[in-house]
Amino acid sequence: MKRRSLSMVALFATLATAVAASEGVPFQRVADMLYQVMSADREVYTRMVVQRLTIDEEVLTASEHYDDDLALPLPSQMFRFGAERVMDETDEFSYSLLSLAPINKKSGPGTPLEKEGLEYVADNPGENFYGEEDLGGDRYFTAIYPDFAVVEACVTCHNSHKDSPRRDLKVGEVMGGIVIRIPMD
Amino acid sequence: MPARIIWLLVTVALIAGAFGATALFVGGDRRVLLIGATTDAHHQLEMSCETCHGTTAFADAVAAEQAVNKACRNCHEDELDDADDSHPRREFRNPRMAVYWEKLDARLCTTCHIEHRPEITLAGAVTLPLDFCSACHSEGDQDVRAHRPSHAAATFDTCASAGCHNFHDNRALYEDFLVKHADEPWLAASPIHGLSALGRGQGAPAEVALTRDDAVAPANALAAPGILDDWSGSGHAAADVNCGGCHATGGDGNTGTVEANWIETPSLAVCEDCHRPQTRTLALGRHGMRQHPKIAQPRDPRRGLSSLGLEGLVPDAVADWLSDPVLPLRMTVAEARLPMKPDAVHRSLHCGSCHAPHSADTRHAAVEACSSCHDDPHTRAYFESAHYELWRNELAGTAPPGAGVSCATCHMTKTEQRGRVVTSHNQNDSLRPNERMIRPVCLDCHSLQFSLDALADVPLIEANFTDRPKIHVESIDWAVSRTRDQAVTDG
């Protein structure tokens, strides 16, 4: 069932990007639609599973070593797992969760446009950032959306993790950004 | 040059060309065309080129490389997923990682593992210089020397060779795991391998066990010396598996049906019917990899002749003669690259090689079966080791179940699945690299530090751990130090 769901996401994205290419639907519109799905799923898992079970009910823990610790995967891990599964299915689009202050260094900005976009959404809360960039010989439409600390669980973890470069995060603040890329060729 | 010699050279060249073309495009043994010796991991498949290289022509070199890499994943992808791969291909396919594609393209297995290049092949079939980590971890945010003071003086050729990191599998090496297992005594107070102990206690309920009088088989089979004694004391009899369960499958088990359907030598498929996890995992290791479902079948020479426009022009007898050699289903001891006993050279590997089919004695399969073929210093030294003494004590009943350490304890790892202990028959699984042995085996009795040190001490491994490690892997010290320093910083 999970495999089918991922296939459906990939199919949707493929159709969406095909429509974008053939009928002139702007890449930005496609990226915005993808973001709505990703953002909603991310918030739902964070709020309804992690916050509820680890903070509100205190019946489970969440851990980056969820397998060893018999704990819930962290929201950022859930997001990454989804992104990697999509990469198994399609190269029609890709997405990542990045930050200017990442706990995991590989989640920091990796391209000049990522850095510019992450700084923009951090400085302009609620606004998105759009651009184009050349990567690996292909041109991409790149959209960057703000990623907010929606609940207490987000800030508790980020402010206490030993590898976190930022310890003053507050609920409602921008933690980083969701980066969506669509190949333009 | 005399014309006669020129004609001779031309004739030899034409014959060689015809032979090569026939072997490449129609059929026949192509091993003579190998561009270099195949690694130990794949040499059993040398005559089955299509397993790795596919069956169709490729548009260009890129397509050919991608096809080879897809073949790698066909057999190794599940293993990498199980290892919680630290550098998963799917992560590096994201175009944001394009900057790394030029440094070390982790999307392709062949970036680090090139076959047929023995002159540059290192442990783990790695064909890059040992300092390959420097490609991505020596500058910018990924510069480990800048972020980890402990690593400032470390050289990149030691990342993966000093017992600290692996490119794929770091389940026993990640920082929090190191910290969690710091300061443990080198030997547990009650050293018992838990899953071995649990497995010893598992068996069929006594009420279903069969006795000698229950055996149903043709008279001549029942009369074979020792067979009834072996079978009635076996796990098969204990689990209500009568003679027909293997020798006459599919019948109702009555004497007439069993005699009518009797097969003197049951095939591997019969074992697989009941022992599916064991046969599946056997095909993942070097003992049984020729039975892997992804191994390509021999080419049909008629298809090759057809593609050359020669269909119907070549007699059937010639076409048959051009067939690929059939890949033997079973690995033979003679083909092994490890030292083997001379008197084992004619044996082949199948279930019965280790499990005497009627006694089904896993104790024999756990030690004596291994040493009946393997003849290397590690195997020979085992019989002088504390592990072997514990094994003998367990068999004698003077040590509790799980106290003994057999070959199988370390090389055939166990997992618990829904309350049942399942033994992997992929005897290579805990060796690629050997830190994979730590979690399912070593840690039940030894500390992580002792385990890391022992597995990094090559002479000690050869001596089968008959002494204490003379190497100290510093990763736990560094991890603890960093965590302590971080705690001080946090106040």
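These legends go with a set of close-up views of a predicted model with chains A and B.

**View 1. Chain A at a glance: helices and strands in one chain.** Chain A is built from six helices and four strands. Walking along the sequence, you meet them in the pattern α-α-α-α-β-α-β-β-α-β. Of its 185 residues, 43% count as buried. If you take the contacts in chain A between residues at least 6 apart in sequence, 56% join residues at least 24 apart. The chain exposes about 9400 Å², and carbon and sulfur atoms supply 54% of that.

**View 2. The open sheet of chain A has four strands.** Follow the strands across the sheet and the order reads S1-S4-S3-S2, with antiparallel pairing. The edges are taken by strand S1 (94–98) and strand S2 (129–135) of chain A, each of which pairs on one side only. On average, neighbouring strands in this sheet are turned by 25 degrees against each other, ignoring direction. As a reminder, strands of a sheet pair through backbone hydrogen bonds, either parallel or antiparallel.

**View 3. Strands S3 and S4 of chain A, side by side.** Here, S3 (residues 138–148) and S4 (residues 174–183) of chain A run antiparallel and are joined by nine bridges. For a landmark, look for A:Phe148, whose bridge partner in S4(A) is A:Val174.

**View 4. Two helices of chain A that meet the sheet strands.** Helix H4 (residues 75–89) of chain A lies across S1 and S4 of chain A. Its direction makes an angle of about 160 degrees with S1(A). Which residues of helix H6 (residues 152–160) of chain A are buried? They are A:Ala153, A:Cys154 and A:Val155. Their cover includes helix H2 (27–56) and S4 of chain A.

**View 5. Chain B, seen whole before zooming in.** The secondary structure of this chain comes to 27 helices and two strands. Its C-alpha trace spans about 85 × 75 × 45 Å along the principal axes. Chain B has 491 residues, and 36% of them count as buried. Among contacts in chain B with a separation of 6 or more, 61% come from residues 24 or more positions apart. About 27100 Å² of chain B is exposed, with carbon and sulfur atoms supplying 58%.

**View 6. A nonpolar patch on the surface of chain B.** The patch is formed by B:Phe19, B:Leu24, B:Phe25, B:Val32, B:Leu33, B:Leu308, B:Leu310 and B:Leu313. Together they have about 780 Å² of accessible area. One member, B:Leu24, sits in helix H1 (residues 3–25) of chain B. B:Leu24 counts as exposed because its relative accessible area is 52%, and the cut-off for exposed is over 50%.

**View 7. B:Ala366 and its surroundings.** You'll find B:Ala366 in helix H20 (residues 362–366) of chain B. Is B:Ala366 buried or exposed? Its relative accessibility is 7%, so B:Ala366 counts as buried. Leaving aside residues up to four places away in sequence, B:Ala366 touches B:Trp391, B:Ser406, B:Cys407 and B:Ala408. B:Thr121 is another story: 245 residues apart from B:Ala366 along the chain, with 32 Å between the two C-alpha atoms.

**View 8. The hairpin of chain B, plus a cis peptide bond.** Strand S1 (residues 414–417) and strand S2 (residues 420–423) of chain B run antiparallel, joined by four bridges. B:Lys414 has B:Thr423 as its bridge partner in S2(B). The hairpin has two residues between the strands, and B:Arg418 takes a positive phi near 55 degrees. In the loop between S2 and helix H25 (448–456) of chain B, look for B:Pro433. The peptide bond joining B:Arg432 and B:Pro433 is cis, with omega about -10 degrees.

**View 9. Two loop residues of chain B with positive phi.** B:His116 isn't a glycine, yet its phi is positive, at about 65 degrees. Its home is the loop between helix H5 (98–101) and helix H6 (134–137) of chain B. With a relative accessible area of 14%, B:His116 is buried. B:Asp240 is also a residue other than glycine, with a positive phi near 65 degrees. B:Asp240 lies in the loop between helix H12 (235–238) and helix H13 (244–247) of chain B. Its relative accessible area is 46%, so B:Asp240 is partly exposed.

Note on methods: Residues numbered from 1 in each chain as written. Chains lettered and ligands numbered in written order. Predicted model: local features only at pLDDT ≥ 70, side-chain atom pairs only at ≥ 80, totals over all residues. Heavy atoms only, no water. Pairing = 2+ DSSP bridges. Axes fitted to C-alpha atoms, helices over the stretch in contact; angles between N-to-C directions. Contact = heavy atoms within 4.5 Å. Patch = residues over 30% accessible without salt bridge, like charges linked within 9 Å, V, L, I, M, F, W, Y side chains within 5 Å. Areas by Shrake-Rupley, 256 points an atom, 1.4 Å probe, with all protein chains shown as cover. Salt bridge = Lys/Arg side-chain N within 4 Å of Asp/Glu carboxyl O. Buried < 20%, exposed > 50% of the residue type's maximum accessible area, 1.4 Å probe, protein only.
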